[in-house]
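Here are some questions and answers on how the terms used for a protein model are applied. Each answer sets a value against its definition.

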Amino acid sequence: MLFLWLYMFYSCAGSCAGLATRGSPAPPRAAAPLPQLEPGEESSREEQRAAPDAASSISSFFNGSGTKRLPQAIIIGVKKGGTRALLEFLRVHPDVRAVGAEPHFFDRNYERGLAWYRDLMPRTLEGQITMEKTPSYFVTKEAPARISSMAKGTKLIVVVRDPVTRAISDYTQTLSKKPDIPTFESLTFKNRTTGLIDTSWSAIQIGIYAKHLENWLLYFPIGQILFVSGERLISDPAGELGRVQDFLGLKRIITDKHFYFNKTKGFPCLKKAEGSSKPHCLGKTKGRTHPDIDQEVVQRLRDFYRPFNMKFYQMTGQDFGWD
């Protein structure tokens, strides 16, 4: 009966349209251009554009592939904090579907519109969560307002790490691509004699977490942001993933049984990755050996970050133990 109904549906779709146009066919008319929308209006307009017609609904019924939705949760930061590890761990959960590559929508591609952004998302079934991660969102001034405009209820996750270690890791990544860059020590200071830290250098600036968080709290309540410890993600991945699953309203499926510690890389790996029966570790770009840094410079950086760290602990209600 179902196939008979479908046959009649598509037969009518063609023949009825033909009957309607017999006689004096009207010339085709160009579609009127859509008015320009403000960011707050764009979401509703895109929702209207994305409304499925009968044919697409039937297609979805048969292929069971679900629907592309805007993300309900976003890992917004921070760079070199452990965001890739968190995303890969979360993708093990059957109710999490995430984009592999970083979309950079809210910082670099916002002019492309929400329809473009939605199209990047994986298809999800009812009850599944759509996610993405782009660490640079956390330090992008416009990102909070843009995400709030998309959906005020979006859940945000920030993976933070000792800002000194994070800065060295950031430098190490750049050094691997540009071996001729200046030393870490020379980039750290505006004037090494006076000890004035160069906060314009992104590797330093990203680690001033309290400053960036203030911008997010203008648009999102603190309870809507989860702060994950990059250090605990290594020492106790199951514990941190338990907190993340609770925050996302997911059943605690990812546990200790999913991880093993890789001594060569120095961090935990998955016993079975998403869609695979084999163990999976992050690639060679993760876990690079850091260069030796002058300990006097390291101590000066620790002194510089200390008041910002204290404020961040107060704002989040968590002591990350970086001092």
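Q: What makes up 70% of the contacts in the chain with a separation of 6 or more?
A: Residues 24 or more positions apart account for that 70%, where contact means heavy atoms within 4.5 Å. This is a predicted model, in which local features need pLDDT of at least 70 and side-chain atom pairs count only at pLDDT 80 or more, while totals for chains, interfaces and linings use all residues. Residues are numbered from 1 along each chain as its sequence is written, and side-chain values use heavy atoms, with hydrogens and water left out.

Q: How many helices and strands does the chain have?
A: The secondary structure comes to 13 helices and 11 strands. Both are DSSP runs numbered from the N terminus: helices are H or I with at least four residues, and strands are E with at least two.

Q: What share of the chain is buried?
A: Buried residues make up 43% of the 323 residues. Buried means under 20% relative accessible area, exposed means over 50%, and partly exposed lies in between (1.4 Å probe, protein chains only).

Q: Why is the link of Cys-269 and Cys-281 called a disulfide?
A: The definition asks for a pair of cysteine sulfur atoms within 2.5 Å. The S to S distance of Cys-269 and Cys-281 is 1.7 Å, so the pair is a disulfide. The structure holds one disulfide.

Q: What does the disulfide of Cys-269 and Cys-281 tie together?
A: Cys-269 lies in strand β11 (residues 267-270) and Cys-281 in the loop between β11 and α13 (295-316), so the pair ties together parts that are 12 residues apart in sequence. The link is right-handed, with 105 degrees about the S-S bond. Both Cys-269 and Cys-281 are buried.

Q: How does the reach of α13 compare with the expected span?
A: The expected span of a helix is 1.5 Å times one less than its number of residues. For α13, with 22 residues, 32 Å is expected, and the helix reaches 29 Å from its first C-alpha to its last, which is close to that value.

Q: Where does α13 bend?
A: The bend is at Arg-306 and comes to about 40 degrees; a proline, Pro-307, follows within four residues. The bend at a residue is the angle between axes fitted to the seven residues ending there and the seven starting there.

Q: What caps the N-terminal end of α13?
A: Asp-294 does, with a side-chain oxygen 2.8 Å from the backbone nitrogen of Glu-296. After α13 comes Gly-317, whose phi is positive, near 75 degrees.

Q: What makes helix α10 largely enclosed?
A: Six of the eight residues of α10 (residues 209-216) are buried, so the rest of the structure largely encloses this helix. The buried residues are Tyr-209, Ala-210, His-212, Leu-213, Asn-215 and Trp-216.

Q: Why is Glu-240 called buried?
A: Its relative accessible area is 4%, which is under 20%, so Glu-240 is buried. Glu-240 lies in helix α12 (residues 237-247). Leaving aside neighbours within four places in sequence, Glu-240 is in contact with Val-228, Ser-229, Arg-232 and Leu-233.

Q: What makes the pair of Asp-107 and Ser-136 a polar contact?
A: A polar contact is a pair of N or O atoms within 3.5 Å; within protein, one must be able to donate a hydrogen and the other to accept it, and residues adjacent in sequence count only if both atoms are side-chain atoms. The side chains of Asp-107 and Ser-136 are joined at 2.6 Å, so the distance fits the definition. The side chain of Asp-107 also makes a polar contact with the side chain of His-104, at 3.0 Å. Asp-107 is in the loop between β3 (96-98) and α5 (114-120).

Q: Why does His-104 count as buried?
A: His-104 has 10% relative accessibility, under the 20% limit, and therefore counts as buried. His-104 lies in the loop between β3 and α5, and has a positive phi of about 50 degrees although it is not a glycine. Most residues other than glycine have a negative phi, and most peptide bonds are trans.

Q: Which peptide bond is cis, with omega near -5 degrees?
A: The bond from Gly-77 to Val-78 is cis. Val-78 is found in the loop between β2 (73-77) and α4 (83-90).
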